[in-house]
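Visitor: I am new to this structure and would like a close look at a single part of it. Please take me through the aromatic rings and whatever connects to them.

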Amino acid sequence: MSAPVTAARYGKDNVRVYKVHRDEKTGVQTVVEMTICVLLEGEIETSYTKADNSVIVATDSIKNTIYILAKQHPVTPPELFGSILGTHFIQKYKHIHAAHAHIITHRWTRMNIDGKPHPHSFVRDSEETRNVQVDVTEGAGIDIKSSITGLTVLKSTGSQFHGFLRDEYTTLKETWDRILSTDVDASWQWKRFSDLGEVRANIPKFDAAWSAAREITLKTFAQDNSASVQATMYKMSEQILAIEPFIETVEYSLPNKHYFEVDLSWHKGLKNLGKDAEVYAPQTNPNGLIKCTVGRSSKPKL
């Protein structure tokens with residue numbers, strides 16, 4: 001008796017795509033650079049169990065399709081392009097019933113030269129990326145999760161941590177003033193869209209939500225007198241849910257990147273602890289890691 005294939009998907013990963021839009025009237029050019037993964041599911045079991053390649057859409061063909069669709073369609077917002085990709089594969093191939101597109105949009109920021117935006121020059125000013133995961137399922141609809149990753153932030157005060165559980169394993173001292181730094185990984189799950197047409201009808205929401213989520217994250221991080229990473233990330237999540245009814249859940253994953261005071265008293269009694277601390281040693285690991293998912297108590301009226 002042969003063992004059944006209980007789950008299978010395959011496709012092309014790390015497809016790098018760059019697209020430029022040239023405005024002939026103004027001479028201004030806009031660029032988008034992405035790294036894309038597309039995985040397919042469907043009636044493909046025999047390719048595993050019987051070496052039947054006739055059901056395989058070659059991964060090279062998947063790569064070619066990504067480039068062709070990038071030429072024929074807008075690639076922004078990435079939520080739309082991911083939906084275009086996924087819809088294409090389930091409509092083109094009758095035996096493919098689900099397509100999953102993951103798109104990483106890399107950051108290119110227009111240069112300002114002599115106080116003016118340059119028409120065709122850009123700088124990568126951070127490793128922050130805008131990501132989407134789009135899952136298109138035949139007969140079910142389109143599920144989209146948008147995210148911000150690699151947004152590194154730090155504040156030198158305005159953070160505290162005290163009142164936590166203490167027992168025989170505890171050595172951490174309470175603090176009412178500490179450095180807080182993290183690499184933001186924030187994501188928000190959209191309500192299920194019925195089809196590509198409904199995604200197209202809501203195009204403005206995607207850029208607006210990304211901009212608002214980023215601004216909320218930065219503003220709350222800076223202004224909140226943080227009692228803990230947990231408390232601050234919850235405030236961020238609540239605000240993002242409030243600005244867009246189509247968002248069903250918000251998720252944060254925040255590493256707590258530690259900065260430790262350096263005891264310099266051994267050198268001529270030099271004071272560098274507590275209120276005298278100015279020199280710190282940034283730590284790479286271990287680090288705290290705090291996660292949460294915040295949803296709605298009831299579904300909003302859309």
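Guide: A good place to begin is Phe164, which has a relative accessible area of 16% and is buried, because the cut-off for buried is under 20%. Bear in mind throughout that this is a predicted model. The ring partner of Phe164 is Phe161: the two ring centres are 4.7 Å apart and the planes stand at 10 degrees, so this pair is stacked. The cut-off behind that word is an angle under 30 degrees between the planes. Phe161 has a relative accessible area of 24% and is therefore partly exposed, whereas its partner Phe164 is buried.

The wider search, run over the whole structure, finds five aromatic pairs. Another stacked pair joins Phe89 and Tyr93, with 6.5 Å from centre to centre and 20 degrees between the planes. Phe89 has a relative accessibility of 0%, so Phe89 counts as buried.

Rings also come together in a group. One aromatic cluster is formed by Trp190, Phe193, Phe206 and Phe246. Phe193, a member of that cluster, also has a charge over its ring: the charged end of Lys191 sits there, 5.1 Å from the ring centre. A similar topic arises at Trp108, where Arg124 lies over the face of the ring, 4.3 Å from the ring centre.

Phe161 leads on to a record. In an unreviewed entry, UniProt lists Phe161 under "binding site", together with Thr59, Asp60, Arg178, Val229, Gln230 and Asn256. These listed residues span 198 residues of sequence, and in space they are spread as well, with up to 52.0 Å between C-alpha atoms. Among them, Val229 is included in the lining of the largest cavity.

Two other residues from the UniProt list can be placed in helices. Asp60 is in helix α2, which covers residues 59-72. With a relative accessibility of 39%, Asp60 counts as partly exposed. Gln230 belongs to helix α6, covering residues 229-243. The relative accessible area of Gln230 is 43%, so Gln230 is partly exposed.

To return to the starting point, the stacked rings are those of Phe161 and Phe164, and Phe161 is the one of the two that appears in the UniProt "binding site" list.

How values were computed. Residues are numbered from 1 along each chain as its sequence is written. This is a predicted model: local features need pLDDT of at least 70, side-chain atom pairs count only at pLDDT 80 or more; totals for chains, interfaces and linings use all residues. Side-chain values use heavy atoms; hydrogens and water are left out. Rings of Phe, Tyr and Trp (its six-membered ring) pair if their centres lie within 6.5 Å; planes under 30 degrees apart count as stacked, over 60 as edge-to-face and the rest as tilted. Buried means under 20% relative accessible area, exposed over 50%, partly exposed in between (1.4 Å probe, protein chains only). A charge sits over a ring if NZ of Lys or CZ of Arg is within 6 Å of the ring centre and within 35 degrees of the ring normal. UniProt positions are given in the numbering used here, feature names are shortened, and annotations may be inferred rather than shown by experiment. On a 1 Å grid over the protein atoms alone, a cavity is a set of points where a 1.4 Å probe fits but cannot get out, and a pocket is an open set with protein on both sides within 12 Å along at least five of seven lines; lining residues have an atom within 4 Å of a point. Helices (H or I, at least four residues) and strands (E, at least two) are DSSP runs, numbered from the N terminus.
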